[in-house]
Structure formats: structure tokens, C-alpha cells
Amino acid sequence: MSIQWFPGHMNSAKKQAEEQMEFIDLVIEVLDARLPEASCNPLVDRMRQFRQRPVLKILNKIDLADPAATAAWKAYYDARPGVTAYPMTTKKPADVARIPALALSLAPHRGVPTKPLRIMIMGIPNVGKSTLMNALLKKRVAKVGDEPAVTKTQQKLYLDKHTVLVDTPGLMWPKIEMPSDGLMLAASHAIGTNALIEEEVAFFLGDILLERYPQLLTARYGFKTEGLDGIGVVEQVAARRGFRVRGGEFDVEKAAHVLLHDYRSGAIGRISLETPESRAARLEAHRIE
Ligand code: G4P
């Protein structure tokens, strides 16, 4: 499967983040609540642990995620040293408004004008970093133009008198260890797919939906799920929507596109692609391979 996941500029983003880590107090790592570990860059944890910086893991897009899975992920992360999880959606201003106080509670020695709390926001592309930054800064946008640390690719922004945000461009990792992570990221639009692999991604999504959310499939498309596999799900979407190519065959390409679009928009329902348990099982299977 050919997924482009490490464009050149991400190498320089990694270097910048490594350098910056020394001068910040807290990392805010934005994850996609539907696939927290698949959307987590292992480099972030490695970098912050090296400097012993705490992390606020934002489980963003909870409006699209399965609430039970999100609760399980929160418990999972909160049990880890130096980690606090915050499930939220940038769509709710009240969720965003809680972040500054939460951040300060994780680095209480900072947050006075002489010692502002310095936060670095990190995360892979498409998890909602820019949306979050904009929502946070809406309160008081003050770009500090003459800061020496400001570079073309990295911004330093004052959230208030006591809090500085350092933004880094989207950061990915050089190698996705498990193919299922690549498929989850593609399903959720964090990485691009071409038409050929869109079908593969939709089959994978179909398998997860069958296993965990068959009732949502039936409710959305009106077919029974017994005896189907991921390919069968996509074919059933084609059958129900009347997607056929010349000769009467199912138009699998079109159905794959629709299934993925419906998942991404939340039209099928609130769906999480992984839970702490399913993650552990995948890791174990991958280790044995
Ligand atoms: P990035 O900086 O990390 O790359 O992400 P960005 O803020 O650009 O957000 C990526 C997409 O996710 C945007 O949609 C944005 O509106 C959406 N998004 C951000 N936060 C939330 C959230 O809490 N809930 C939901 N449902 N969506 C959120 P987009 O531009 O339409 O992109 P796409 O979704 O079509 O890929």
C-alpha cells in the first residue's frame, strides 16, 4: 500500500520541536479521539520524556467518537505518569475555554507574568490543531512579531499575559509500524489516499464497523450484516444506493467513497476505530507476526 506519510518538511518540524522542547513547560498533544494511538506520534512522547515535560493529551473530535471508547481511552492515558487526557471538541467553545486552566494545573510553578506558561501544541496533520489554536486565540489574539524565537514555520503567540503558545507544523513519524494504523489514518483523512487504495481503506473500515457497530450500518443503509465481510459491506452500500457500472457490476469505487465520506462526517454515527483493548490485541498480533 503506497501512503505518503513523511514529506520532507516534517523532518525540519521534528528538529524544531526537539530544540523547542527544552524551552517549554507543557506539551499539548492533539489526538483524534476516534483513533488516539494510531493518531499519536511516538516521537512526541520520546521527546517530552527526554526533557521530562508533562503532556495534556487532547482527545479531539469527541463529537464523532464513541463515548464509551473515549471514556476508556481517558482512563488509559490518565493512568500513565506525566499524562493527562482531556476529551473535547473544538466545536464547543466551553470545551476549549477549559484548556488554559487545565494546562496551568499541570505546570503550577509557571503562569505568572515573569514566568509565563510555555506550551507547545503538537500533533499529526488533520487532528484539529489549527482549529484549536484559532479557538484558543479568539479570546485575545496578539501575535508577538518581535520575538526572536518567531520563525517562518513556527509561531509564538500569547494566549494571555501568563501563557505562550508555540505552534509547530504538523509532525508525522518516519514509519508507521502497523499497517492497520495507516488504514485508520487514511479512513479518518489524516493521510491522503488515491482511488485505488480508497477501496482497501473502505474494506478495512467495513470490517471494523461489522465487528463493533453492525447496528449503525443497518440503520444507515438498511442491509443485514450477518455473513458479510468488509468487502461485502461496501458491495451492500453499492447495492442499496444503486451504484452499478456498465454491465451491472457493483460500483465498488463509488460505494467505497460514500462509506468513507459517511464515516468521516459522522453520518453513520459516533464511531471509534480503536479502544485500549483492540489496540492491545493488534499490538500483540503484530508482535507475533
Ligand atoms: P490540523 O491543523 O491538525 O491539520 O487540523 P485542522 O485544524 O485543519 O482540522 C482538520 C479538520 O478537522 C477540519 O475539517 C476541522 O474543521 C475538523 N475538526 C477540528 N476539530 C474538530 C472537532 O472537534 N470535531 C469535528 N467534527 N471536526 C473537527 P475540514 O477542513 O473539513 O477537513 P476534513 O475533515 O474534510 O479532513
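I began by fixing what a helix is: helices (H or I, at least four residues) and strands (E, at least two) are DSSP runs, numbered from the N terminus.

I noted that this is a predicted model, in which local features need pLDDT of at least 70 and side-chain atom pairs count only at pLDDT 80 or more, while totals for chains, interfaces and linings use all residues. Residues are numbered from 1 along each chain as its sequence is written.

Entry on the chain. I looked up the elements and found 12 helices and 7 strands. I then checked burial (a residue is buried if 20 or more other C-beta atoms, placed from the backbone, lie within 10 Å of its own), and 39% of the 289 residues count as buried.

Entry on the ligand. I listed the residues near the ligand (C-beta atom, placed from the backbone, within 6 Å of it); there are 18 around it, and Thr89, Gly128, Lys129, Ser130 and Thr131 come nearest. Helix 6, residues 129-137, gives the most to this shell, with 3 residues.

Entry on the core. I looked for the largest nonpolar core (buried Ala, Val, Leu, Ile, Met, Phe, Trp, Tyr and Cys residues joined through C-beta atoms within 7 Å), and it has 73 residues, with Leu26, Ile119 and Val234 among those with the most contacts inside it. Helix 8, residues 195-212, supplies the largest share of this core, 7 residues. I wrote down that the core lies between domain 1 (9-167) and domain 2 (193-284), because both give residues to it; the domain bounds come from an automatic or database domain assignment.

How values were computed
A residue is buried if 20 or more other C-beta atoms lie within 10 Å of its own, exposed if 12 or fewer, and partly exposed in between; C-beta atoms are placed from the backbone.
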